[in-house]
Amino acid sequence: MKNKFLIISLAMSGFAFSQSIDSTCVAITSKNTNCKVKVNIDSTKFCHHHANGNTIIIKSTQCSGISKSTNNQCKLKTKDESGKCHHHRK
Ligand SMILES: [Zn+2]
Ligand SMILES: [Zn+2]
């Protein structure tokens, strides 16, 4: 087990949280990969999926964004915490 405290120092476009440092959940998913869900490392090392110590598989879900061209829900699958594919994330 190695603790992972990756400080994301990328200049993120969009949201900026002045009080918290973005870091990723230190839990390991059942696929044996590092959980990539961002957490506020000041208050927790685990995302809400892993708050109880479980390992989980992040299932892909349908993007909740709306397609600009058709006005229908985006059909792409995403594993992102936001529930949106890369097109619809800010
Ligand atoms: Zn997690
Ligand atoms: Zn989408």
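Biologist: In which strand is Thr61 found?

Modeller: Thr61 sits in strand 3 of this predicted model.

Biologist: What makes Thr61 buried, partly exposed or exposed?

Modeller: Thr61 has 13 C-beta neighbours inside 10 Å. Buried needs 20 or more, and exposed means 12 or fewer. The value falls in between, so Thr61 is partly exposed.

Biologist: Which residues does Thr61 contact, leaving aside its neighbours within four places in sequence?

Modeller: Thr61 is in contact with Lys77, Thr78 and Gly83. Take Gly83: it lies 22 residues from Thr61 along the chain, and their C-alpha atoms are 6.7 Å apart.

Biologist: Where is Lys77?

Modeller: Lys77 belongs to strand 4. Its contacts beyond four places in sequence are Ser60, Thr61 and Gln62. Cys63 is 14 residues from Lys77 in sequence, with 5.6 Å between the two C-alpha atoms.

Biologist: Why does Lys77 count as exposed?

Modeller: Lys77 has 12 C-beta neighbours inside 10 Å. The limit for exposed is 12 or fewer. The count meets that limit, so Lys77 is exposed.

Biologist: How many helices and strands does the chain have?

Modeller: There are 0 helices and 4 strands. From the N terminus on, the order reads β-β-β-β.

Biologist: Which residues form the largest nonpolar core?

Modeller: That core has 6 residues: Cys25, Val26, Ala27, Cys35, Val39 and Cys47.

Biologist: What makes this set a nonpolar core?

Modeller: A core joins buried residues of certain kinds, Ala, Val and Cys among them, through C-beta atoms within 7 Å. The six listed are Cys, Val and Ala residues, and they are joined in this way, so the set is called a nonpolar core. Cys47, one of its members, touches Cys25, Cys35, Val37 and Val39, not counting residues up to four places away in sequence.

Biologist: Which residues does Phe46 touch, not counting those up to four places away in sequence?

Modeller: Phe46 touches Cys25, Val26, Ala27, Val39 and Ala51. Phe46 lies in the loop between strand 2 (38-40) and strand 3 (61-62). Phe46 and Cys35 are 11 residues apart in sequence and 8.9 Å apart in space, C-alpha to C-alpha.

Biologist: Why is Phe46 called partly exposed?

Modeller: Phe46 has 16 other C-beta atoms within 10 Å. Buried starts at 20, and exposed ends at 12. Because 16 lies between those limits, Phe46 is partly exposed.

Biologist: How much of the chain is buried?

Modeller: Buried residues make up 11% of the 90 residues. As for contacts with a separation of 6 or more, 17% join residues 24 or more positions apart.

Biologist: What is notable about the phi of Asn32?

Modeller: Asn32 is not a glycine, yet its phi is positive, at about 70 degrees. Most residues other than glycine have a negative phi. Asn32 lies in the loop between strand 1 (22-24) and strand 2. Asn32 has 7 other C-beta atoms within 10 Å; exposed means 12 or fewer, so Asn32 is exposed.

Biologist: What is the phi of Asn71?

Modeller: Asn71 has a positive phi of about 65 degrees, and it is not a glycine either. Asn71 is in the loop between strand 3 and strand 4 (77-78). Its count is 7 C-beta neighbours inside 10 Å, which is within the limit of 12, so Asn71 is exposed.

Biologist: How do you know how confident the predictor is?

Modeller: Look at pLDDT. The chain averages 76, and 70% of the residues score at least 70. Among the elements, strand 1 has the lowest mean, 80, and strand 4 the highest, 90.

Biologist: Where does pLDDT stay under 50?

Modeller: Over residues 7-20. For this stretch the model has 9 contacts beyond four places in sequence.

Note on methods: Residues numbered from 1 in each chain as written. Chains lettered and ligands numbered in written order. Predicted model: local features only at pLDDT ≥ 70, side-chain atom pairs only at ≥ 80, totals over all residues. Contact = placed C-beta atoms within 7 Å. Helix = DSSP H or I, 4+ residues; strand = E, 2+ residues; numbered from the N terminus. pLDDT = per-residue confidence, 0-100.
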